[in-house]
Amino acid sequence: MDHLISIKHLSKDEILDIVQLADKIEKNPSEYADAMKGKIMANLFFEPSTRTRLSFESAFLRMGGQILGFSDPAASSSKKGESISDTIRMASAYSDVIVMRHFLEGSGVVASKVASVPLISGGTGIQEHPTQALLDVFTIWKEFGRLDNLTVGLVGDLRYGRTIPSLLYALSKFENNRVFLYSPNQLRVRMSILSDIDGKLSYEVGEKLPDDLKEFDVLYVTRVQKERFPDEQMYERLKDFYVINPSVLETAREDMIVMHPLPRITEISYDVDELPQARYFQQAKNGVWARMAILYRMVR
Amino acid sequence: MAKKDMIVNAIENGTVIDRIPASKSLMIVRLLGLEDDETCSVAIAVRVKSNKIGLKDVLKIQGRNLSPDEVAALGLIAPGVTLVTVRDYEVVSKTEVEIPNEVEGILRCINPTCATNFREPVVPSFQITTKKPLLLRCNFCDRVMLEENVLAQFI
(Lines give C-alpha, C1' and ligand atoms only; values in the text may rest on other atoms or scores of the structure.)
Protein backbone atom coordinates (compact mmCIF):
# COMPACT_ATOMS: atom_id res chain seq x y z
CA MET A 1 0.00 0.00 0.00
CA ASP A 2 1.84 3.15 -1.22
CA HIS A 3 -0.93 5.63 -0.48
CA LEU A 4 -4.34 5.34 1.18
CA ILE A 5 -6.86 7.40 -0.79
CA SER A 6 -9.79 5.02 -1.16
CA ILE A 7 -11.00 1.84 0.48
CA LYS A 8 -11.75 0.60 -3.04
CA HIS A 9 -8.03 -0.02 -3.47
CA LEU A 10 -7.75 -2.28 -0.41
CA SER A 11 -8.30 -6.01 -0.54
CA LYS A 12 -10.25 -7.94 2.05
CA ASP A 13 -6.97 -9.33 3.40
CA GLU A 14 -5.44 -5.87 3.73
CA ILE A 15 -8.48 -4.66 5.68
CA LEU A 16 -8.34 -7.70 7.97
CA ASP A 17 -4.63 -7.19 8.46
CA ILE A 18 -5.16 -3.58 9.64
CA VAL A 19 -7.99 -4.67 11.94
CA GLN A 20 -5.97 -7.47 13.50
CA LEU A 21 -2.89 -5.29 13.87
CA ALA A 22 -5.00 -2.54 15.51
CA ASP A 23 -6.21 -5.16 17.99
CA LYS A 24 -2.67 -6.31 18.68
CA ILE A 25 -1.49 -2.74 19.22
CA GLU A 26 -4.39 -1.96 21.56
CA LYS A 27 -3.59 -5.02 23.65
CA ASN A 28 0.10 -4.26 23.84
CA PRO A 29 0.85 -0.63 22.93
CA SER A 30 4.25 -0.56 24.63
CA GLU A 31 5.56 -3.01 22.04
CA TYR A 32 5.05 -0.28 19.41
CA ALA A 33 6.21 2.68 21.50
CA ASP A 34 9.36 3.23 19.42
CA ALA A 35 8.05 2.08 16.05
CA MET A 36 8.12 5.63 14.60
CA LYS A 37 11.17 6.86 16.46
CA GLY A 38 13.07 9.34 14.28
CA LYS A 39 10.12 9.66 11.88
CA ILE A 40 8.11 12.77 11.12
CA MET A 41 4.44 12.89 10.15
CA ALA A 42 3.09 15.93 8.28
CA ASN A 43 -0.52 16.60 9.26
CA LEU A 44 -2.01 18.88 6.60
CA PHE A 45 -5.60 19.81 7.41
CA PHE A 46 -7.14 22.14 4.86
CA GLU A 47 -10.51 21.65 6.52
CA PRO A 48 -11.45 21.63 10.21
CA SER A 49 -11.11 18.36 12.10
CA THR A 50 -11.05 17.28 15.70
CA ARG A 51 -11.04 13.50 15.89
CA THR A 52 -9.16 12.64 12.72
CA ARG A 53 -6.36 15.13 13.32
CA LEU A 54 -6.00 14.47 17.04
CA SER A 55 -6.18 10.70 16.72
CA PHE A 56 -3.54 10.68 13.97
CA GLU A 57 -1.36 12.86 16.19
CA SER A 58 -1.98 10.62 19.18
CA ALA A 59 -1.26 7.53 17.07
CA PHE A 60 2.06 8.86 15.81
CA LEU A 61 3.16 10.23 19.19
CA ARG A 62 2.32 6.90 20.86
CA MET A 63 4.77 5.26 18.45
CA GLY A 64 7.53 7.71 19.29
CA GLY A 65 7.29 9.89 16.17
CA GLN A 66 7.19 13.64 15.77
CA ILE A 67 4.64 15.81 14.03
CA LEU A 68 4.53 18.95 11.97
CA GLY A 69 1.71 20.52 10.02
CA PHE A 70 -1.21 22.88 10.21
CA SER A 71 -4.86 22.64 11.13
CA ASP A 72 -5.88 25.99 9.70
CA PRO A 73 -5.17 26.53 6.01
CA ALA A 74 -5.29 30.28 6.65
CA ALA A 75 -1.94 29.83 8.36
CA SER A 76 -0.41 28.01 5.36
CA SER A 77 0.64 29.02 1.85
CA SER A 78 -2.61 27.65 0.41
CA LYS A 79 -4.05 30.97 1.60
CA LYS A 80 -1.59 32.63 -0.81
CA GLY A 81 -2.89 30.43 -3.63
CA GLU A 82 -0.39 27.57 -3.46
CA SER A 83 -1.61 24.44 -5.20
CA ILE A 84 -2.19 21.11 -3.45
CA SER A 85 0.59 19.61 -5.59
CA ASP A 86 3.20 22.15 -4.51
CA THR A 87 2.23 21.85 -0.84
CA ILE A 88 2.52 18.05 -1.03
CA ARG A 89 5.90 18.19 -2.80
CA MET A 90 7.18 20.40 -0.02
CA ALA A 91 5.69 18.23 2.75
CA SER A 92 7.25 15.13 1.10
CA ALA A 93 10.64 16.74 1.59
CA TYR A 94 9.96 17.53 5.23
CA SER A 95 8.37 14.30 6.45
CA ASP A 96 8.16 10.50 6.23
CA VAL A 97 4.38 10.30 5.90
CA ILE A 98 1.66 12.81 5.05
CA VAL A 99 -1.90 12.88 6.34
CA MET A 100 -4.05 15.26 4.34
CA ARG A 101 -7.64 16.39 4.70
CA HIS A 102 -8.97 18.61 1.95
CA PHE A 103 -12.36 20.05 1.11
CA LEU A 104 -12.03 19.25 -2.62
CA GLU A 105 -13.03 15.89 -4.08
CA GLY A 106 -10.18 14.47 -6.14
CA SER A 107 -7.58 16.18 -3.94
CA GLY A 108 -6.30 12.81 -2.73
CA VAL A 109 -5.60 11.58 -6.25
CA VAL A 110 -3.93 14.89 -7.16
CA ALA A 111 -1.75 14.72 -4.03
CA SER A 112 -0.86 11.05 -4.54
CA LYS A 113 0.54 11.83 -8.00
CA VAL A 114 3.29 14.01 -6.53
CA ALA A 115 3.79 12.60 -3.01
CA SER A 116 7.15 10.87 -2.69
CA VAL A 117 6.31 9.56 0.80
CA PRO A 118 3.18 7.60 1.79
CA LEU A 119 0.07 9.77 1.68
CA ILE A 120 -2.98 9.02 3.80
CA SER A 121 -6.30 10.72 3.12
CA GLY A 122 -7.98 12.15 6.17
CA GLY A 123 -11.07 12.87 4.07
CA THR A 124 -11.52 14.44 0.63
CA GLY A 125 -14.63 16.60 0.27
CA ILE A 126 -17.74 14.42 0.16
CA GLN A 127 -15.85 11.69 -1.67
CA GLU A 128 -14.34 9.33 0.90
CA HIS A 129 -12.83 9.01 4.36
CA PRO A 130 -10.90 5.73 4.25
CA THR A 131 -9.32 5.74 7.70
CA GLN A 132 -12.73 6.35 9.29
CA ALA A 133 -14.00 3.22 7.54
CA LEU A 134 -11.06 1.23 8.86
CA LEU A 135 -11.71 2.31 12.43
CA ASP A 136 -15.41 1.61 11.87
CA VAL A 137 -14.77 -1.96 10.75
CA PHE A 138 -12.27 -2.38 13.60
CA THR A 139 -15.06 -1.36 16.00
CA ILE A 140 -17.50 -3.81 14.38
CA TRP A 141 -14.91 -6.61 14.36
CA LYS A 142 -14.15 -6.10 18.05
CA GLU A 143 -17.83 -6.36 18.83
CA PHE A 144 -18.84 -9.32 16.67
CA GLY A 145 -15.54 -11.04 15.91
CA ARG A 146 -16.31 -10.96 12.20
CA LEU A 147 -16.83 -8.64 9.23
CA ASP A 148 -19.18 -10.86 7.27
CA ASN A 149 -22.82 -11.92 7.74
CA LEU A 150 -23.72 -8.55 9.25
CA THR A 151 -26.89 -6.51 8.94
CA VAL A 152 -26.13 -2.82 9.08
CA GLY A 153 -28.55 0.12 9.01
CA LEU A 154 -27.08 3.44 7.86
CA VAL A 155 -29.12 6.45 8.83
CA GLY A 156 -29.03 10.15 8.03
CA ASP A 157 -27.15 12.16 5.42
CA LEU A 158 -25.94 9.42 3.12
CA ARG A 159 -25.31 11.80 0.23
CA TYR A 160 -22.80 14.25 1.67
CA GLY A 161 -21.34 12.14 4.48
CA ARG A 162 -17.92 11.02 3.24
CA THR A 163 -17.69 8.18 5.73
CA ILE A 164 -20.61 6.42 3.99
CA PRO A 165 -18.97 5.45 0.68
CA SER A 166 -15.83 4.27 2.47
CA LEU A 167 -17.80 2.11 4.91
CA LEU A 168 -19.93 0.65 2.11
CA TYR A 169 -16.81 -0.20 0.10
CA ALA A 170 -15.29 -1.87 3.17
CA LEU A 171 -18.43 -3.92 3.91
CA SER A 172 -18.68 -4.89 0.24
CA LYS A 173 -15.36 -6.76 0.47
CA PHE A 174 -16.83 -9.33 2.88
CA GLU A 175 -19.46 -12.02 2.30
CA ASN A 176 -23.17 -11.89 3.06
CA ASN A 177 -23.36 -8.40 4.49
CA ARG A 178 -26.68 -6.57 4.12
CA VAL A 179 -27.10 -2.83 4.41
CA PHE A 180 -30.25 -0.76 4.76
CA LEU A 181 -29.79 2.83 3.67
CA TYR A 182 -32.22 5.19 5.44
CA SER A 183 -32.17 8.82 4.45
CA PRO A 184 -34.50 11.59 3.33
CA ASN A 185 -34.96 11.27 -0.45
CA GLN A 186 -32.79 14.35 -1.04
CA LEU A 187 -29.89 12.78 0.87
CA ARG A 188 -29.75 9.32 -0.66
CA VAL A 189 -26.46 7.58 -1.38
CA ARG A 190 -25.06 8.82 -4.70
CA MET A 191 -25.78 6.59 -7.71
CA SER A 192 -22.09 6.19 -8.50
CA ILE A 193 -21.53 4.59 -5.09
CA LEU A 194 -24.52 2.28 -5.46
CA SER A 195 -23.20 1.20 -8.84
CA ASP A 196 -19.81 0.46 -7.23
CA ILE A 197 -21.33 -1.85 -4.60
CA ASP A 198 -23.91 -3.38 -6.91
CA GLY A 199 -23.52 -7.15 -6.94
CA LYS A 200 -20.98 -7.05 -4.10
CA LEU A 201 -23.18 -5.90 -1.23
CA SER A 202 -26.89 -6.48 -0.73
CA TYR A 203 -28.61 -3.15 -0.11
CA GLU A 204 -32.05 -1.63 0.28
CA VAL A 205 -32.89 2.05 0.12
CA GLY A 206 -35.63 3.59 2.27
CA GLU A 207 -36.76 6.69 4.06
CA LYS A 208 -38.61 5.49 7.13
CA LEU A 209 -36.76 3.64 9.86
CA PRO A 210 -38.48 0.30 10.55
CA ASP A 211 -40.46 0.02 13.78
CA ASP A 212 -38.61 -3.16 14.63
CA LEU A 213 -34.82 -2.95 14.75
CA LYS A 214 -34.10 -6.43 16.09
CA GLU A 215 -32.49 -7.76 12.92
CA PHE A 216 -29.77 -5.08 12.96
CA ASP A 217 -26.28 -5.76 14.24
CA VAL A 218 -25.20 -2.17 13.69
CA LEU A 219 -27.09 1.11 13.44
CA TYR A 220 -24.70 3.65 11.93
CA VAL A 221 -26.01 7.18 12.34
CA THR A 222 -24.63 10.24 10.55
CA ARG A 223 -24.97 13.97 10.95
CA VAL A 224 -26.67 16.06 8.28
CA GLN A 225 -23.65 17.81 6.76
CA LYS A 226 -24.60 21.47 7.11
CA GLU A 227 -21.35 22.73 5.56
CA ARG A 228 -21.98 20.80 2.33
CA PHE A 229 -25.58 21.86 1.79
CA PRO A 230 -26.18 24.09 -1.18
CA ASP A 231 -29.31 25.47 0.45
CA GLU A 232 -29.69 26.55 4.10
CA GLN A 233 -33.47 26.14 4.07
CA MET A 234 -33.18 22.56 2.94
CA TYR A 235 -30.71 21.92 5.75
CA GLU A 236 -33.14 23.38 8.32
CA ARG A 237 -35.90 21.14 6.95
CA LEU A 238 -33.85 17.96 7.08
CA LYS A 239 -31.50 18.34 10.04
CA ASP A 240 -33.83 16.65 12.51
CA PHE A 241 -35.26 14.12 10.07
CA TYR A 242 -33.98 11.29 12.25
CA VAL A 243 -33.51 11.55 15.99
CA ILE A 244 -32.33 8.33 17.59
CA ASN A 245 -33.52 8.24 21.19
CA PRO A 246 -34.20 5.42 23.68
CA SER A 247 -37.75 4.88 22.43
CA VAL A 248 -36.54 4.40 18.83
CA LEU A 249 -34.11 1.80 20.15
CA GLU A 250 -36.68 -0.07 22.24
CA THR A 251 -36.84 -2.99 19.81
CA ALA A 252 -33.09 -3.18 19.22
CA ARG A 253 -31.20 -6.21 20.49
CA GLU A 254 -28.96 -5.54 23.46
CA ASP A 255 -25.93 -6.62 21.43
CA MET A 256 -26.74 -4.24 18.57
CA ILE A 257 -24.33 -1.31 18.49
CA VAL A 258 -25.09 2.32 17.66
CA MET A 259 -22.19 3.96 15.85
CA HIS A 260 -21.60 7.54 14.69
CA PRO A 261 -18.48 9.06 13.13
CA LEU A 262 -19.04 12.18 15.28
CA PRO A 263 -19.48 15.07 15.75
CA ARG A 264 -23.06 14.42 16.78
CA ILE A 265 -25.57 17.28 16.78
CA THR A 266 -29.20 16.28 17.46
CA GLU A 267 -29.42 12.99 15.57
CA ILE A 268 -28.61 10.91 18.67
CA SER A 269 -30.11 12.18 21.92
CA TYR A 270 -27.81 12.42 24.94
CA ASP A 271 -29.80 9.81 26.87
CA VAL A 272 -28.72 7.16 24.35
CA ASP A 273 -25.17 7.59 25.68
CA GLU A 274 -26.10 5.56 28.74
CA LEU A 275 -27.65 2.65 26.82
CA PRO A 276 -25.73 -0.59 26.35
CA GLN A 277 -25.87 -0.15 22.57
CA ALA A 278 -24.01 3.19 22.49
CA ARG A 279 -20.61 2.61 20.99
CA TYR A 280 -19.67 5.94 19.32
CA PHE A 281 -17.21 7.16 21.94
CA GLN A 282 -15.49 3.77 21.97
CA GLN A 283 -15.49 3.98 18.18
CA ALA A 284 -13.67 7.34 18.33
CA LYS A 285 -11.15 5.85 20.76
CA ASN A 286 -10.61 2.93 18.40
CA GLY A 287 -9.48 5.53 15.87
CA VAL A 288 -6.14 5.79 17.62
CA TRP A 289 -5.45 2.03 17.43
CA ALA A 290 -6.66 1.76 13.84
CA ARG A 291 -4.54 4.74 12.76
CA MET A 292 -1.51 3.36 14.57
CA ALA A 293 -1.96 0.16 12.55
CA ILE A 294 -2.35 2.09 9.29
CA LEU A 295 0.77 4.19 9.97
CA TYR A 296 2.74 1.13 11.07
CA ARG A 297 1.94 -0.68 7.82
CA MET A 298 2.57 2.30 5.59
CA VAL A 299 5.62 3.97 7.08
CA ARG A 300 7.92 1.10 7.97
CA MET B 1 -20.37 11.93 -54.51
CA ALA B 2 -18.80 12.63 -57.92
CA LYS B 3 -15.87 15.06 -57.89
CA LYS B 4 -17.84 17.67 -59.87
CA ASP B 5 -20.43 17.81 -57.06
CA MET B 6 -17.96 18.41 -54.26
CA ILE B 7 -18.70 21.46 -52.14
CA VAL B 8 -15.09 21.92 -51.07
CA ASN B 9 -11.90 20.78 -52.69
CA ALA B 10 -9.88 17.73 -51.72
CA ILE B 11 -7.07 18.42 -49.25
CA GLU B 12 -3.39 17.73 -49.80
CA ASN B 13 -2.39 16.75 -46.26
CA GLY B 14 -4.50 16.47 -43.17
CA THR B 15 -7.71 14.96 -41.87
CA VAL B 16 -11.23 14.53 -43.17
CA ILE B 17 -13.99 13.77 -40.69
CA ASP B 18 -16.92 12.35 -42.60
CA ARG B 19 -20.41 11.17 -41.70
CA ILE B 20 -20.76 13.63 -38.87
CA PRO B 21 -24.38 13.70 -37.68
CA ALA B 22 -25.93 16.83 -39.19
CA SER B 23 -25.10 20.04 -37.28
CA LYS B 24 -22.55 18.44 -34.94
CA SER B 25 -19.61 19.74 -36.99
CA LEU B 26 -19.33 23.00 -35.06
CA MET B 27 -19.10 21.03 -31.83
CA ILE B 28 -16.18 19.12 -33.29
CA VAL B 29 -14.56 22.39 -34.40
CA ARG B 30 -14.68 23.52 -30.77
CA LEU B 31 -13.55 20.17 -29.41
CA LEU B 32 -10.46 20.27 -31.63
CA GLY B 33 -9.86 23.97 -30.96
CA LEU B 34 -9.85 24.64 -34.70
CA GLU B 35 -11.19 28.17 -34.35
CA ASP B 36 -7.95 29.29 -32.75
CA ASP B 37 -5.52 27.00 -34.55
CA GLU B 38 -3.76 29.16 -37.12
CA THR B 39 -1.62 26.27 -38.38
CA CYS B 40 -4.43 24.66 -40.35
CA SER B 41 -7.25 25.55 -42.74
CA VAL B 42 -10.72 24.15 -42.21
CA ALA B 43 -13.62 23.60 -44.58
CA ILE B 44 -17.00 22.80 -43.07
CA ALA B 45 -19.83 21.32 -45.08
CA VAL B 46 -23.17 21.29 -43.27
CA ARG B 47 -26.23 19.17 -44.11
CA VAL B 48 -24.76 17.35 -47.07
CA LYS B 49 -26.89 14.55 -48.50
CA SER B 50 -25.67 11.11 -47.48
CA ASN B 51 -26.96 7.77 -48.73
CA LYS B 52 -26.17 6.14 -45.40
CA ILE B 53 -27.26 8.63 -42.75
CA GLY B 54 -29.58 11.03 -44.59
CA LEU B 55 -27.93 14.34 -43.86
CA LYS B 56 -24.39 14.68 -42.63
CA ASP B 57 -21.69 17.24 -41.94
CA VAL B 58 -18.14 16.94 -43.22
CA LEU B 59 -14.97 18.60 -41.90
CA LYS B 60 -11.81 18.89 -43.97
CA ILE B 61 -8.79 19.98 -42.03
CA GLN B 62 -5.78 20.88 -44.16
CA GLY B 63 -2.47 20.58 -42.29
CA ARG B 64 -3.48 18.81 -39.13
CA ASN B 65 -3.71 15.25 -37.82
CA LEU B 66 -5.57 14.31 -34.66
CA SER B 67 -3.89 13.07 -31.48
CA PRO B 68 -5.14 9.84 -29.86
CA ASP B 69 -6.77 11.89 -27.08
CA GLU B 70 -8.60 14.00 -29.65
CA VAL B 71 -9.81 10.89 -31.47
CA ALA B 72 -11.05 9.47 -28.14
CA ALA B 73 -12.96 12.68 -27.37
CA LEU B 74 -14.37 12.69 -30.91
CA GLY B 75 -15.67 9.19 -30.24
CA LEU B 76 -17.59 10.53 -27.25
CA ILE B 77 -19.45 13.32 -29.00
CA ALA B 78 -19.87 11.76 -32.43
CA PRO B 79 -19.33 7.99 -32.40
CA GLY B 80 -19.54 6.41 -35.83
CA VAL B 81 -17.89 9.26 -37.77
CA THR B 82 -15.32 8.28 -40.35
CA LEU B 83 -11.81 9.57 -39.83
CA VAL B 84 -9.71 9.82 -42.96
CA THR B 85 -6.01 10.67 -42.99
CA VAL B 86 -4.78 12.20 -46.24
CA ARG B 87 -1.18 12.52 -47.45
CA ASP B 88 -0.31 13.96 -50.87
CA TYR B 89 -4.00 13.83 -51.82
CA GLU B 90 -4.05 10.09 -51.12
CA VAL B 91 -6.10 8.41 -48.41
CA VAL B 92 -3.62 6.65 -46.11
CA SER B 93 -6.09 5.48 -43.47
CA LYS B 94 -9.82 5.39 -42.97
CA THR B 95 -11.36 4.32 -39.68
CA GLU B 96 -14.71 4.46 -37.96
CA VAL B 97 -14.39 6.27 -34.66
CA GLU B 98 -15.78 4.34 -31.69
CA ILE B 99 -16.66 5.35 -28.15
CA PRO B 100 -13.39 4.97 -26.20
CA ASN B 101 -12.95 3.22 -22.86
CA GLU B 102 -11.12 6.16 -21.38
CA VAL B 103 -10.56 9.81 -22.26
CA GLU B 104 -7.78 12.07 -21.04
CA GLY B 105 -7.68 15.86 -21.34
CA ILE B 106 -10.13 17.73 -23.61
CA LEU B 107 -13.06 17.31 -21.20
CA ARG B 108 -13.29 18.93 -17.81
CA CYS B 109 -15.08 17.52 -14.78
CA ILE B 110 -18.52 19.00 -14.13
CA ASN B 111 -18.02 18.82 -10.37
CA PRO B 112 -17.21 22.41 -9.34
CA THR B 113 -15.38 21.08 -6.27
CA CYS B 114 -13.23 18.59 -8.17
CA ALA B 115 -9.55 19.37 -7.59
CA THR B 116 -8.91 19.18 -11.35
CA ASN B 117 -10.92 22.39 -11.79
CA PHE B 118 -8.38 24.27 -9.72
CA ARG B 119 -4.84 25.28 -10.60
CA GLU B 120 -3.23 21.85 -10.33
CA PRO B 121 -0.69 20.33 -12.74
CA VAL B 122 -2.91 17.38 -13.65
CA VAL B 123 -4.80 16.34 -16.76
CA PRO B 124 -8.46 15.47 -16.11
CA SER B 125 -9.26 11.92 -17.14
CA PHE B 126 -12.42 9.83 -17.22
CA GLN B 127 -13.41 6.19 -17.45
CA ILE B 128 -16.36 5.42 -19.71
CA THR B 129 -18.48 3.24 -17.44
CA THR B 130 -21.27 2.54 -19.92
CA LYS B 131 -21.56 3.36 -23.62
CA LYS B 132 -25.35 3.15 -23.99
CA PRO B 133 -26.39 5.36 -22.30
CA LEU B 134 -23.07 7.18 -22.20
CA LEU B 135 -21.78 7.52 -18.64
CA LEU B 136 -18.32 8.74 -17.69
CA ARG B 137 -16.66 8.87 -14.32
CA CYS B 138 -13.96 11.28 -13.20
CA ASN B 139 -10.79 9.41 -12.25
CA PHE B 140 -10.10 12.04 -9.60
CA CYS B 141 -13.38 12.82 -7.83
CA ASP B 142 -15.65 9.92 -8.96
CA ARG B 143 -18.35 12.30 -10.26
CA VAL B 144 -20.45 10.70 -12.99
CA MET B 145 -21.12 12.68 -16.19
CA LEU B 146 -23.88 12.06 -18.73
CA GLU B 147 -23.74 12.52 -22.50
CA GLU B 148 -25.48 15.90 -22.16
CA ASN B 149 -22.73 17.06 -19.77
CA VAL B 150 -20.14 16.14 -22.39
CA LEU B 151 -21.96 17.80 -25.29
CA ALA B 152 -22.61 20.96 -23.25
CA GLN B 153 -18.86 21.55 -23.08
CA PHE B 154 -18.71 22.11 -26.85
CA ILE B 155 -21.88 24.08 -27.57
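In the predicted model, helix α3(A) lies across strands β1, β2, β3 and β4 of chain A and runs at about 155 degrees to β3(A). The sheet beneath this description is open and has four strands, in the order β2-β1-β3-β4 (chain A), paired in parallel. Its edges are formed by β2 (66–70) and β4 (119–124) of chain A; each has a single partner strand, so one side of each is left without a neighbour in the sheet. From one strand to the next, the twist averages 15 degrees. Within this sheet, β1 (residues 40–45) of chain A and β3 (residues 97–102) of chain A run parallel and are joined by five bridges. Opposite Leu44(A) stands Met100(A), a residue of β3(A). Strands of a sheet pair through backbone hydrogen bonds, in either the parallel or the antiparallel sense.

Chain B contains an open sheet that is also built from four strands, with the order β6-β7-β8-β9 (chain B) and antiparallel pairing. The edge positions are taken by β6 (102–104) and β9 (144–146) of chain B, each of which pairs on one side only. Neighbouring strands in this sheet are turned against each other by 30 degrees on average, direction ignored. The antiparallel strands β8(B) and β9(B) are joined by three bridges. Arg137(B) stands opposite Val144(B), which belongs to β9(B). Helix α2 (residues 68–77) of chain B lies across β6, β7 and β8 of chain B, and its direction makes an angle of about 125 degrees with β6(B).

A further pairing in chain B involves strand β2 (residues 41–50) and strand β3 (residues 54–62), which are antiparallel and share eight bridges. Ser41(B) has Gln62(B) as its bridge partner in β3(B). The connection from β2(B) to β3(B) is a hairpin of three residues.

The two chains meet at an interface in which 18 residues of chain A are in contact with 15 residues of chain B. The size of an interface is often given as the accessible area lost when the parts come together. For chain A and chain B, about 1300 Å² is buried between them, with 51% of it on carbon and sulfur atoms. Leu104(A), Glu105(A) and Val110(A) contribute 36% of the area that chain A buries against chain B, more than any other three residues.

Polar and charged pairs also cross this interface. Between chain A and chain B, 12 residue pairs are in polar contact, counting pairs with both residues at pLDDT 80 or more. On the side of chain A that touches chain B, at least two residues each come from α3 (84–94), α4 (107–114) and α7 (191–197) of chain A. Helix α4(A) provides the largest share of that side, with four residues. Sorted by class, the side of chain A that touches chain B consists of five nonpolar, eight polar and five charged residues. Two salt bridges are found across the interface of chain A and chain B. In one pairing, Lys8(A) forms a salt bridge with Asp142(B), and their closest N and O atoms are 3.3 Å apart.

Over all chains, the structure holds 24 salt bridges. Side chains of opposite charge can pair when their charged atoms come close. A pairing inside chain A is the salt bridge of Lys27(A) with Asp23(A), for which the closest N and O atoms are 2.9 Å apart. Both Lys27(A) and Asp23(A) belong to helix α1 (residues 12–27) of chain A, where they are four residues apart, about one turn of the helix.

Backbone geometry was examined at two proline positions. In chain A, the peptide bond from Leu262(A) to Pro263(A) is cis, and its omega is near 5 degrees. Pro263(A) lies in the loop that runs between β9 (257–259) and α9 (280–299) of chain A. Leu262(A) is placed in the loop between β9 and α9 of chain A, and its phi is near 60 degrees, a positive value in a residue other than glycine. In chain B, Lys132(B) and Pro133(B) are joined by a cis peptide bond with omega about 0 degrees. Pro133(B) is found in the loop between β7 (125–130) and β8 (135–138) of chain B.

Technical notes: Residues are numbered from 1 along each chain as its sequence is written. Chains are lettered from A and ligands numbered from 1 in the order in which they are written. This is a predicted model: local features need pLDDT of at least 70, side-chain atom pairs count only at pLDDT 80 or more; totals for chains, interfaces and linings use all residues. Side-chain values use heavy atoms; hydrogens and water are left out. Contact means heavy atoms within 4.5 Å. Buried area is the accessible area (1.4 Å probe) that two parts lose on being put together, summed over both. A salt bridge is a side-chain nitrogen of Lys or Arg within 4 Å of a carboxyl oxygen of Asp or Glu. A polar contact is a pair of N or O atoms within 3.5 Å; within protein, one must be able to donate a hydrogen and the other to accept it, and residues adjacent in sequence count only if both atoms are side-chain atoms. Ala, Val, Leu, Ile, Met, Phe, Trp, Tyr, Cys and Pro count as nonpolar, Asp, Glu, Lys and Arg as charged, and the others, Gly among them, as polar. Two strands pair if DSSP finds at least two bridges between them. Axes are lines fitted to C-alpha atoms, for helices over the stretch in contact, and angles run from 0 to 180 degrees between N-to-C directions.
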